[in-house]
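Please find below a colleague's note on the structure shown here. The points are numbered for ease of reply.

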Amino acid sequence: MESVRKGKGLKPEWEDAMKAADVPDWYIWSCKKIKYMFPKAHAAAYVIAAIRLCWYKIHHPLAYYAAMFTVRGDDFDAQTVMMGKDMVLFRMKELKAKGIDMTDKEDKQFVALQTAYEMLQRGFEFLPVDLYKSDATRYRIEDGKIRLPFVSLRGVGENAAKNIYAAAQQGECISQDELIGRGVGKSIVQMLKECGALGDLPESSQMTLF
């Protein structure tokens, strides 16, 4: 078994013994062709991991989804997700219609949307990105919902997300200009504004006197 599993085939004496025991030719031929077989211990470990995931998914769903998106939420599309499950489903259909023309990035986005759609269908909700409440990369459980991190925004990479978080940790900003002064790019600040993450934060630190 080990010889066949590792792609080393059969020794002549083994083949003779198999033939003497009336083992079918197709089985002997297969043993010679096999290059690799998944180890039994690995298969058992995968099943155990799957059972654990299923248990958390059923009994601690928010913890499951928060961990799943934090670890495997590549190309999460916060803007689409916050528009509701109907928009998520619409975007999924758009991506699926591309078929083999779907890029690797779009494929990852599709997988993230699938999980988000499943979560929304189960009645759970996301909280929008917030300058002072969101983490850089972690999806946090907050008030029975999941708070989206900065990295979940379309076009915001991990480094940019960490810059935003670091800037927010310095204390409340009095304006968008101050946020830019703390190292956050203008285009990122504009995106935060458009998705409502900045609240009513004014653009300029200057006051107009009348």
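**Notes on the predicted model**

1. Within the sheet, L127 stands opposite R147 of strand β3. The model under discussion is a predicted one. Strand β3 covers residues 145-147, runs parallel to β1, and is joined to β1 by 2 bridges.

2. The sheet as a whole is open and has 3 strands, in the order β1-β3-β2, and the pairing is mixed. β1 (126-127) and β2 (140-142) are at the edges with a single partner strand each, so each has one side without a neighbour in the sheet.

3. The loop between β2 and β3 contains D143. The backbone of D143 deserves a remark: its phi is positive, at about 55°, although D143 is not a glycine. D143 has a relative accessible area of 71% and is therefore classed as exposed, the cut-off being over 50%.

4. A positive phi is also found at D22, with a value of about 60°, and D22 is not a glycine either. D22 belongs to the loop that lies between α2 (12-20) and α3 (25-33). Its relative accessibility is 66%, so D22 counts as exposed.

5. D22 may be considered together with H42, a residue of helix α4. The two are 20 residues apart in sequence, and their C-alpha atoms are 32 Å apart in space. H42 is partly exposed, because its relative accessible area of 42% falls between the limits of 20% and 50%.

6. Helix α4, which comprises residues 40-59, also holds Y46. Y46 is exposed, at 58% relative accessible area. Together with Y36 and F38, Y46 forms a nonpolar patch on the surface, and the accessible area of these residues together is about 400 Å².

7. Which residues of helix α9 are buried? In this helix, residues 158-168, they are A161, I164, A167 and A168. These residues lie on the same side of α9, because the arc they cover around the axis is only 125°. The partners against which the buried residues of α9 pack are α10 (176-181) and α11 (186-194).

8. The next point concerns D75, which is located in the loop between α5 (61-72) and α6 (78-81). D75 counts as partly exposed, with a relative accessibility of 25%. Along the chain, D75 and K105 are 30 residues apart, yet a distance of 6.9 Å separates their C-alpha atoms. When neighbours within four places in sequence are left aside, D75 is in contact with K105, K108 and Q109.

9. What surrounds Q109, apart from its neighbours within four places in sequence? Its contacts are D74, D75, D77, R91 and L95. Q109 is part of helix α8, which spans residues 104-121. The relative accessibility of Q109 is 12%, so Q109 counts as buried, the cut-off being under 20%. The contact between D75 and Q109 thus joins a partly exposed loop residue to a buried residue.

How values were computed
Residues are numbered from 1 along each chain as its sequence is written. This is a predicted model: local features need pLDDT of at least 70, side-chain atom pairs count only at pLDDT 80 or more; totals for chains, interfaces and linings use all residues. Side-chain values use heavy atoms; hydrogens and water are left out. Patches are made of residues with over 30% relative accessible area and no salt bridge: like charges are joined within 9 Å, nonpolar side chains (Val, Leu, Ile, Met, Phe, Trp, Tyr) within 5 Å. Accessible areas come from the Shrake-Rupley method with a 1.4 Å probe; for residues, only the protein chains shown count as cover. A salt bridge is a side-chain nitrogen of Lys or Arg within 4 Å of a carboxyl oxygen of Asp or Glu. Helices (H or I, at least four residues) and strands (E, at least two) are DSSP runs, numbered from the N terminus. Buried means under 20% relative accessible area, exposed over 50%, partly exposed in between (1.4 Å probe, protein chains only). The arc is that of the directions from the helix axis to the C-beta atoms. Contact means heavy atoms within 4.5 Å. Two strands pair if DSSP finds at least two bridges between them.
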